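Visitor: Could you take me through this model, beginning with the cysteines and then turning to the sheet and a helix?

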Amino acid sequence: MGNHVLIYDDEAEILQVSKIILERHKYQVQTRDCCENILEDIRAEKPGIILLDLHVPPMGGEHTLRLLKDGENTRDIPVILFSGLDGLEDISIDLKADGYLKKPFGINELLDTIKKYITAPLLCYLLL
């Protein structure tokens, strides 16, 4: 868990940019363009947070979020909805996501969202 971020999005550019930004800030990042094997991914990667696009195939973010929040081993992993849809805040509340990040986003918006839930190792050392 810890500083591990798992990102699900069907847009390759979003995955690439997000990964670069977060890795430069000492997060471990895994990206996926579909959520078909999300439970296996979580068991293997043990993420501290999941960024989940609402339109990621094959199930879509809404179904995937419900699956995660209903699962005994996954319900405590923060899931941030990651979308360009209007009304994302309301959608996030309705689906009981832990938060949301509206696309397009800025570097600081991405980092601030992640920092609400997990801290990179470098920051942990600074606190000691």
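The questions and answers below cover cysteines, strands and one helix.

Guide: This is a predicted model, in which local features need pLDDT of at least 70 and side-chain atom pairs count only at pLDDT 80 or more, while totals for chains, interfaces and linings use all residues. Residues are numbered from 1 along each chain as its sequence is written, and side-chain values use heavy atoms, with hydrogens and water left out.

Visitor: Why is Cys35 in no bond with the closest cysteine sulfur?
Guide: A disulfide is taken here as a pair of cysteine sulfur atoms within 2.5 Å, and by this rule the count is zero. The sulfur of Cys35 is too far for a bond, because the closest cysteine sulfur, in Cys34, lies at 6.6 Å.

Visitor: Is Cys35 buried or exposed?
Guide: Buried means under 20% relative accessible area, exposed over 50%, and partly exposed in between (1.4 Å probe, protein chains only). Cys34, with 25%, is partly exposed, whereas Cys35, with 0%, is buried.

Visitor: Which strands stand at the edges of the sheet?
Guide: Strands (E, at least two residues) and helices (H or I, at least four) are DSSP runs, numbered from the N terminus, and two strands pair if DSSP finds at least two bridges between them. The open sheet has five strands in the order β2-β1-β3-β4-β5, with parallel pairing. Each edge strand has a single partner, so one side is left without a neighbour in the sheet; these strands are β2 (28-32) and β5.

Visitor: Which residues of helix α5 are buried?
Guide: Helix α5 spans residues 107-115. Its buried residues are Leu110, Leu111, Thr113 and Ile114.
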